[in-house]
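Work through these exercises with the structure open. Each one sets a task and then solves it step by step.

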Amino acid sequence: MLRSVSLFLLITAASLAVPYFYATDPAGFERWLAGFGDAGNDGRVSELRMAAEAEAPTPVQAAAPLGRKVRLAADQRGHFSGEFRLNGRSVPAMVDTGATTVAINRSTARRIGLQLAPSDFRYQVNTANGPARAAGAVIRRLEIGRIAVEDVDAVVLEDAALNGTLIGMSFLNRLSKVQVEDGSLMLVQ
């Protein structure tokens, strides 16, 4: 009886450790998994490998989730970009530590469910492209990987003033760590 309980606890602990090990070191997990091969395992290792590959970020995705950490690789110009979720909608965005708030254009605002009237564009802001009219907004939930921040201040600019989304300090200041290391930007909540 004790042997059965011990064996059960050992199997349970090992099954809980596999996702953690994969999340903290996907390459190490792949090497470990490859050591088992596919012969004589009734397909279980192949199923694990397929599940691990399905969870692995695709080459198009710049963000590599590591628990409540995300590492963004720099592009050719040295910018850090990734797929963020704003109010549940996927939005490609670039991290901009020089931006006070998250900045989105009007089309993106509509797509994520923000309704703005022309009278809401009452603020004058200075952008890299010159002065522009802006509206204040709050993004209910902004996420990347497993990092999620609620009620993030944002500015909405007309489409002509901003053609992408910038993730500024109104999001970054709510994280416990934002650091460049080894050519990547590490975000930690």
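**Exercise 1. Find the aromatic pair and say what it links.**

Step 1. Apply the rule: rings of Phe, Tyr and Trp (its six-membered ring) pair if their centres lie within 6.5 Å; planes under 30 degrees apart are stacked, over 60 edge-to-face, and the rest tilted. The count comes to one aromatic pair.

Step 2. The partners are F84 and F171, 6.2 Å centre to centre with 85° between the planes, hence edge-to-face.

Step 3. Place them. F84 is in strand β3 and F171 in helix α5 (residues 169–172), so the pair ties together parts 87 residues apart in sequence. Helices (H or I, at least four residues) and strands (E, at least two) are DSSP runs, numbered from the N terminus.

Step 4. Check burial. F84 and F171 are both buried. Buried means under 20% relative accessible area, exposed over 50%, and partly exposed in between (1.4 Å probe, protein chains only).

Before going on, note the ground rules. This is a predicted model: local features need pLDDT of at least 70, side-chain atom pairs count only at pLDDT 80 or more, and totals for chains, interfaces and linings use all residues. Residues are numbered from 1 along each chain as its sequence is written, and side-chain values use heavy atoms, leaving out hydrogens and water.

**Exercise 2. Map the nonpolar cores.**

Step 1. A nonpolar core is a set of buried Ala, Val, Leu, Ile, Met, Phe, Trp, Tyr and Cys residues joined through side-chain atoms within 4.5 Å. The largest has 30 residues. L72, F84, V102, L142, I167 and F171 have the most contacts inside it.

Step 2. Trace the suppliers. β2, β3, β4, β5 (102–105), β7 (130–144), β8 (147–157), α5 and β11 each give this core at least two residues.

Step 3. Look for another core. A second, separate one has seven residues, including A103, A132, A134 and L162.

Step 4. Inspect I167. Among the residues it touches are F84, A93, V102 and L142 (contact: heavy atoms within 4.5 Å; residues up to four places away in sequence are not counted).

**Exercise 3. Is strand β11 enclosed or open, and which strands pair with it?**

Step 1. Five of the five residues of β11 (residues 184–188) are buried, so the strand is largely enclosed by the rest of the structure.

Step 2. Take each face. S184, M186 and V188 are buried on one side, L185 and L187 on the other.

Step 3. Find the partners; two strands pair if DSSP finds at least two bridges between them. β2 (residues 69–73) runs antiparallel to β11, with five bridges. V70 stands opposite L187. β10 (residues 177–181) is also antiparallel to β11, again with five bridges. Here K177 stands opposite V188.

**Exercise 4. Compare two loop residues with positive phi.**

Step 1. Most residues other than glycine have a negative phi. N87 has phi near 50°, and D182 near 55°.

Step 2. Locate them. N87 is in the loop between β3 (81–86) and β4 (89–95). D182 is in the turn of the β10–β11 hairpin, which has two residues between its strands.

Step 3. Check accessibility. N87 is buried at 12% relative accessibility. D182 is exposed at 78%.

Step 4. List the neighbours of N87. Its side chain reaches the backbone oxygen of I112 at 3.1 Å. N87 also touches L114, I139, R140 and R141, among residues more than four places away in sequence.

Technical notes
A polar contact is a pair of N or O atoms within 3.5 Å; within protein, one must be able to donate a hydrogen and the other to accept it, and residues adjacent in sequence count only if both atoms are side-chain atoms.
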